[in-house]
Amino acid sequence: MIIAVIGGGVIGEAVARNLTLSGYDVIVAEKRSERIRELENLGLRVTADSKMAARQADVVILCVKPKDVESTLKEINEEIEGKLLISLAAAVTIDSLKRLAPGAKVVRAMPNLAVAVRESFTAYSAEQGLKPEESEIVINLLRSFGVVEKIDESYMDAITALSGCAPAYMALIAEAMIYAGLEAGLERSLALKVAAQAMIGTGKLILEGQKTPSQIRDMVTTPGGVTIEGLFELEKVPIRHAFMSAVKAAMEKSRKITLALSGG
Ligand SMILES: NC(=O)c1ccc[n+]([C@@H]2O[C@H](COP(=O)([O-])OP(=O)(O)OC[C@H]3O[C@@H](n4cnc5c(N)ncnc54)[C@H](OP(=O)(O)O)[C@@H]3O)[C@@H](O)[C@H]2O)c1
């Protein structure tokens, strides 16, 4: 199966490398010549001709910025007739994609940067009437990014704000922990390792250890101990409120972009 990845930026590169490692035949279409060279140096097959890439492909994965979706689909519209089109563009709805590429079988997915290490949470929604074998192709492709879940498209703005942006939020926490480690006198490299492993470990305690975040907190917090001293200080800062406000703002932004792109 040949997969065309249209747009070889941050996400396109991660997607293309991933799918190549999973054994798919991948061709990347990218506009910028310096970027083409970078991608070629990674061992990827790259072209500047999006039409040609789409023509060769069985499945097309759209990895261009939301503002470029319309022009890109106009360019490759004829080549994707009857083919699966998986758009990773934030805020571009299935309806808009169908309007721009009526002959394609449209799937909208929202991964995050952890595609690069096969640990993305990828949510997707598909147009009505996809055949079971087409759904299977989509799930298998997206599974190579990490964890996959089908969702109602109405959740897509929330997923974009929570999951698409999550690496930025988590990186901020990691950075805060590194600063804290430096303040406590640890070497930067040691603090960095501690912060990253703490995120992996806590995530696995939740997913594999089947513990809720509050259970984890209770298990670590002994009476009169060290952790409660740390938590006492953290309680002075409204961390939960900060996250809730951040995700709400990001979701609003996603909705506004959707409206702007659909001419609303
Ligand atoms: N980055 C993330 O964490 C993330 C997470 C989830 C979803 N997404 C979605 O993924 C999409 C891509 O994001 P990104 O961060 O990878 O953007 P990016 O780094 O800007 O990559 C997009 C690339 O596509 C190129 N391009 C534009 N039109 C093209 C065309 N017709 N044919 C071939 N190449 C074309 C762009 O070139 P020019 O710069 O010259 O236009 C650019 O190099 C966005 O829609 C975004 O919403 C991103």
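The following points concern the sheet and the ligand surroundings of this predicted model.

1. The sheet. Eight strands make up an open sheet, and their order across it is 3-2-1-4-5-6-7-8. The pairing within this sheet is mixed. At its edges stand strand 3 (45–47) and strand 8 (146–150), each of which pairs on one side only. On average, and with direction ignored, neighbouring strands are turned by 25 degrees against each other.

2. Strands 5 and 6. Within the order given above, strand 5 is followed by strand 6. Strand 5 (residues 84–87) and strand 6 (residues 105–110) run parallel and are joined by 4 bridges. In this pair, Leu 85 stands opposite Val 106 of strand 6.

3. Helix 1 and the sheet. Helix 1 (residues 10–21) lies across three strands: strand 1 (2–6), strand 2 (25–29) and strand 4 (59–62). With respect to strand 2, helix 1 runs at about 165 degrees.

4. Residues around the ligand. The ligand is surrounded by 28 residues, of which Gly 7, Gly 9, Ile 11, Ala 89 and Ala 90 come nearest. Two or more residues of this shell are given by helix 1 and by helix 4 (69–76). Helix 1 gives the most, with 3 residues; the same helix lies across strands 1, 2 and 4, as noted in point 3.

5. Composition of the shell. By residue class, the shell around the ligand comprises 13 nonpolar, 8 polar and 7 charged residues.

Notes
Residues are numbered from 1 along each chain as its sequence is written. This is a predicted model: local features need pLDDT of at least 70, side-chain atom pairs count only at pLDDT 80 or more; totals for chains, interfaces and linings use all residues. Two strands pair if DSSP finds at least two bridges between them. Axes are lines fitted to C-alpha atoms, for helices over the stretch in contact, and angles run from 0 to 180 degrees between N-to-C directions. Two residues are in contact if their C-beta atoms, placed from the backbone, lie within 7 Å. A residue is near a molecule or strand if its C-beta atom, placed from the backbone, lies within 6 Å of it. Ala, Val, Leu, Ile, Met, Phe, Trp, Tyr, Cys and Pro count as nonpolar, Asp, Glu, Lys and Arg as charged, and the others, Gly among them, as polar.
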